[in-house]
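Colleague: I am new to reading helix packing. Could you walk me through it?

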Amino acid sequence: MGILCKVVDMLLLVAFMVMLVAGPLIDAQLVLPEATFPEVLVRLKQQYAEEYQDYLMVEKPHFFVALVWLELIFQWPLVLLNIYGILASKHWFHTTCLIYGASVITAMTALLGELMGSQKASDKLLTVYSPFMGLGVLAFLRGLVPNLGKAQTIGKRPAMAREKRA
């Protein structure tokens, strides 16, 4: 089980690194003035929206803008914590990973529901958004598994039952 957790952690680390960059540089363009971003990033977002026919990026419906705010204000700091938690083997990593996964699953349920229900999304666009549901599920499941290989401690002492002395 330990090897599987390490493999999952490395997959999550790569995904978190992508989210660390994509959130503030690409997704933030939906909620902040375009003038605050370099022209190359604005063109990159526009090319993506055209190539994948991402009507959500173009039309900016209110629920989508709210989900982007959720990503930037709540999920992005969790991404930072999760990266640190993985790299420093922090005991609280599974908790932040669980919270992140639950948040992503919730947001992606609304997003994928819109994409599939509206009949506007191409298969190509669905293949862009669907892996994020997988990321959320993977993070959620990883959060359910406690850190293995380290003894639970309280302060500097092991968290073991103490013997009563007479």
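**Helix pairs and a pocket**

Modeller: Start with a pair. Helices α5 and α6 pack with their axes 7 Å apart, at an angle of about 150°. Bear in mind that this model is predicted.

Colleague: How do I turn that angle into a word for α5 and α6?

Modeller: Angles over 145 degrees count as roughly antiparallel. That makes α5 roughly antiparallel to α6. The crossing of this pair, α5 and α6, is left-handed.

Colleague: Which classes of residue form the contact of α5 with α6?

Modeller: Sort the residues by class and count. The contact of α5 with α6 has 22 nonpolar, 6 polar and 1 charged residues.

Colleague: Now α4 and α5. At what angle do their axes cross?

Modeller: At roughly 155°, and the axes of α4 and α5 come within 9 Å. Use the cut-off again: over 145 degrees is roughly antiparallel. α4 and α5 are therefore roughly antiparallel to each other. α4 passes α5 in a left-handed crossing.

Colleague: Which residues of α4 and α5 make the contact?

Modeller: From α4, they include Phe63, Phe64, Leu67, Leu70 and Phe74. From α5, they include Phe93, Cys97, Tyr100, Val104 and Leu111. By class, the contact of α4 with α5 has 17 nonpolar, 5 polar and 1 charged residues.

Colleague: What about α1 and α5: how do their axes cross?

Modeller: Helix α1 covers residues 2-25, and helix α5 covers residues 93-118. Their axes come within 14 Å and cross at roughly 60°. That makes α1 oblique to α5. The crossing of α1 and α5 is left-handed.

Colleague: Which residues meet where α1 touches α5?

Modeller: On the α1 side, Asp9, Leu12, Phe16 and Met19. On the α5 side, Phe93, Cys97 and Tyr100. By class, this contact of α1 with α5 has 6 nonpolar, no polar and 1 charged residues.

Colleague: Let us turn to pockets. What is the volume of the largest pocket?

Modeller: The largest pocket has a volume of about 560 Å³. Next, look at its lining. There are 23 lining residues, and the closest to the centre of the largest pocket are Met19, Asp27, Glu71, Tyr129 and Phe132.

Colleague: Which helices each supply at least two residues of that lining?

Modeller: α1, α2 (39-51), α4 (62-87), α5 and α6 (123-144).

Colleague: And how many lining residues of the largest pocket are nonpolar, polar or charged?

Modeller: Count by class, as for the helix contacts. The lining of the largest pocket has 19 nonpolar, 1 polar and 3 charged residues. Met19 links the two topics: this α1 residue is in the contact with α5, and Met19 is also among the residues closest to the centre of the largest pocket.

Technical notes. Residues numbered from 1 in each chain as written. Predicted model: local features only at pLDDT ≥ 70, side-chain atom pairs only at ≥ 80, totals over all residues. Heavy atoms only, no water. Axes fitted to C-alpha atoms, helices over the stretch in contact; angles between N-to-C directions. Helix = DSSP H or I, 4+ residues; strand = E, 2+ residues; numbered from the N terminus. Parallel < 35°, antiparallel > 145°, perpendicular 65-115°, else oblique. Left-handed = near helix turned anticlockwise from the far one by under 90°. Contact = heavy atoms within 4.5 Å. Nonpolar A, V, L, I, M, F, W, Y, C, P; charged D, E, K, R; others polar. 1 Å grid on protein atoms, 1.4 Å probe; cavity = no way out; pocket = protein on both sides within 12 Å on 5 of 7 lines; lining within 4 Å. Points joined across faces, edges and corners; volume = space filled by probe spheres on them.
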